[in-house]
Amino acid sequence: IGESVLEDALLPLIDGQTDPTIATYCKEGECMARVTSKRETFEEAEAAVEEMVGNVKSLVGDYVFSCDNEELVEVLGKLLIDKSITISVAESCTAGLFASTLCSVPGISAVFDRGLVTYSEDAKKKELGVHSETLEKYTAVSPEVAFEMVSGLAAKTGSRLCLSITGVAGPDDLSEDKPAGLAYIGLRYKGEVKVIEFRTRNVDRNNNRRKMVLRMLSEAYSLVR
């Protein structure tokens, strides 16, 4: 959710606020709502903050992943570890950035099986079993290839949660209908596979890759929470 949309959603609480107060902040891919109270005692302030946090959740709860100042990757990593959900990933355009980001979480070795960087078409075929016919008909940047990538990864690793991504990092467009920032994310969990289309509308290569990884983290979190 964007900061302006978040602020609009919280207007019923923000309008006329005295104590506690709500302030929204944003950073790349994430927003934060800070709830502050200045009551006479710590206990009164704590109770007021907790009540307001509950009100915030009632309005935007679907977007809330932490109330403890954690980043999304930390929350996802802890969930995977706590639930013993093994995970593997096959990356093309992000070139291992998702795996590297996830592995910043302490203890993730308990559930992280492997990360494959299948950048070339040949690697997609040899490592993941993507069919030559699929690549020829749809190109490497397509939902069909993302589907075959994640399906092949699941067959190879047996991980409970598998992700794949193929896309155009930029700065150049692949074609008119496949611009820089376009990606397809494959997810397989509990035997079901889905593919998400994601567009960053940006030509900056590293910005696109970071945002793609954030979307992968978000989709994975939505599946396992």
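In helix 4 (72–82), the residues Leu72, Val73, Val75, Leu76, Gly77, Leu79 and Leu80 are buried, a term that denotes a relative accessible area under 20%, with exposed meaning over 50% and partly exposed the range in between (1.4 Å probe, protein chains only). The model is a predicted one, in which local features need pLDDT of at least 70 and side-chain atom pairs count only at pLDDT 80 or more, whereas totals for chains, interfaces and linings use all residues. Residues are numbered from 1 along each chain as its sequence is written, and side-chain values use heavy atoms, with hydrogens and water left out. Helices (H or I, at least four residues) and strands (E, at least two) are DSSP runs, numbered from the N terminus.

The buried residues of helix 4 pack against strand 2 (30–36), strand 3 (87–91), helix 5 (97–102), strand 5 (161–167) and helix 9, where contact means heavy atoms within 4.5 Å. Two packed helices are described by the angle between their axes and the distance between the axes. For helix 4 and helix 9, the axes come within 10 Å and cross at roughly 40°; these axes are lines fitted to C-alpha atoms, for helices over the stretch in contact, and the angles run from 0 to 180 degrees between N-to-C directions. The crossing of the two helices is left-handed, that is, the near helix is turned anticlockwise from the far one by less than a right angle, a clockwise turn being right-handed. At this interface, Leu72, Val73, Val75, Leu76, Leu79 and Leu80 of helix 4 meet Leu214, Leu217, Ser218, Ala220, Tyr221 and Val224 of helix 9. Helix 4 is followed by serine 84, for which phi is positive, near 55°.

Tyrosine 221 also takes part in an aromatic pair. One such pair is found in a search of the whole structure, and the rings of phenylalanine 65 and tyrosine 221 have centres 6.5 Å apart and planes at 75°, so the arrangement is edge-to-face. Under the criterion applied, rings of Phe, Tyr and Trp (its six-membered ring) pair if their centres lie within 6.5 Å, with planes under 30 degrees apart counted as stacked, over 60 as edge-to-face and the rest as tilted. Because phenylalanine 65 lies in the loop between helix 3 (42–60) and helix 4, and tyrosine 221 in helix 9, the pair ties together parts that are 156 residues apart in sequence. Phenylalanine 65 is partly exposed, at 22% relative accessible area, whereas tyrosine 221 is buried, at 12%.

Salt bridges, defined by a side-chain nitrogen of Lys or Arg within 4 Å of a carboxyl oxygen of Asp or Glu, come to a count of eleven. In helix 9 (residues 205–224), glutamate 219 and arginine 215 are four residues apart and thus separated by about one helical turn, and their side chains meet in a salt bridge at 2.8 Å, N to O. Glutamate 219 is buried, at 11% relative accessibility, while arginine 215 is partly exposed, at 27%. Lysine 27 forms a salt bridge with glutamate 30, with the closest N and O atoms 3.7 Å apart, and Lys27, Glu30 and Glu71 are linked in a network of such bridges.

Arginine 209, also placed in helix 9, is buried yet has no salt bridge, the nearest side chain of opposite charge, glutamate 91, being 6.7 Å away; for this purpose Lys and Arg count as positive and Asp and Glu as negative, His and the chain ends not being counted. When residues up to four places away in sequence are not counted, arginine 209 touches Cys93, Thr94, Ala95, Leu97 and Ala169.
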